[in-house]
Amino acid sequence: TKSENTYDIVISSYTLGDLTDLRQKRAAIRELWKQTGQFLVLVERGNLEGFKNILLARETIQKKICSQEELGDTPLGFLFAPCTHELACPHALLRTKLPCHFGQRAELSLVEADSHYKSYGYRLERFSYLVFKKGHRPKDSSDFSLHRVVEPERRRSRHVVCKLC
């Protein structure tokens, strides 16, 4: 049965980092998942702490999905983005300890307009994110088989070397 308060898209941005206790973080993640009707989008800072929060959310939700499947119920959901698989995160296994993050240019706020960003006119906002989707993974998952670059590319004279997930 669905909870009375479910929403098609539940978005939580930069909130897990504000919680200090691990139990509070797990409880918040489970509550967000409970309120999710279709998609759960989690966004955290693009630093190591934010990436660890994303990995915690990934682990917490995947355990919930697996425990539901073991009971014989229909799967609760699957990892939708940025990874297209439920395997261990390859970026977390790298020895470089670099967080998996993405960058997006953001317009300067009034406060930042007089900062060192002024000459650029924008700042680069780094973030880590995760999207889970409720329901079954499509049987024809060719749309979900895209690879991701997990390390900075290495440019050579006539080619580029990329490590893919």
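Which residue in β2 stands opposite Ile9? Phe39 is the residue of β2 that stands opposite Ile9, and I will start from that pair and work outwards. What we have here is a predicted model, in which local features need pLDDT of at least 70 and side-chain atom pairs count only at pLDDT 80 or more, while totals for chains, interfaces and linings use all residues. Residues are numbered from 1 along each chain as its sequence is written, and side-chain values use heavy atoms, with hydrogens and water left out.

Let me begin with the overall layout. The protein chain has three helices and seven strands, where helices (H or I, at least four residues) and strands (E, at least two) are DSSP runs numbered from the N terminus. Along the sequence these elements follow the pattern β-α-β-α-β-α-β-β-β-β. Of the 165 residues, 31% count as buried, and by buried I mean under 20% relative accessible area, with exposed being over 50% and partly exposed in between (1.4 Å probe, protein chains only). Among contacts with a separation of 6 or more, residues 24 or more positions apart account for 70%, a contact being heavy atoms within 4.5 Å.

Now back to the first two strands. Strand β1, residues 7–13, pairs in the parallel sense with strand β2, residues 36–45, over six bridges; two strands are said to pair if DSSP finds at least two bridges between them. Between these strands the chain passes through helix α1, residues 22–34, and this β-α-β crossover is right-handed, in that, with the strands pointing away from the viewer, the path from the first strand over the helix to the second runs clockwise.

As for α1 itself, its 13 residues should span 18 Å at 1.5 Å a residue, and its end C-alpha atoms are 18 Å apart, which agrees; the expected span is 1.5 Å times one less than the number of residues. Which residues of α1 are buried? They are Lys25, Ile29, Leu32 and Trp33, and, seen down the axis of α1, they fall within an arc of 100°, so they line one face of the helix. The arc is taken from the directions from the helix axis to the C-beta atoms.

On the strand side, β5, residues 122–134, has several partners. It pairs with β2 in the antiparallel sense over seven bridges, with Phe127 as the bridge partner of Arg45. Six bridges join β4 to β5, again antiparallel, and here Phe127 is the bridge partner of Phe102. Strand β3, residues 77–81, pairs antiparallel with β5 over four bridges, and Phe78 has Lys133 as its bridge partner.

That brings me to the largest nonpolar core, meaning a set of buried Ala, Val, Leu, Ile, Met, Phe, Trp, Tyr and Cys residues joined through side-chain atoms within 4.5 Å. Of its 16 residues, Leu40, Ile61 and Phe132 touch the most other members. The elements giving two or more residues to this core are α1, β2, α2 (48–70) and β5, and α2 gives the most, with five. Leaving aside residues up to four places away in sequence, Leu40 touches Val10, Leu32, Trp33, Ile61, Leu130, Val131 and Phe132.

Finally, two single residues. Thr36, in strand β2, is buried, with a relative accessible area of 2%, whereas Ser109, in the loop between β4 and β5, is partly exposed at 35%.
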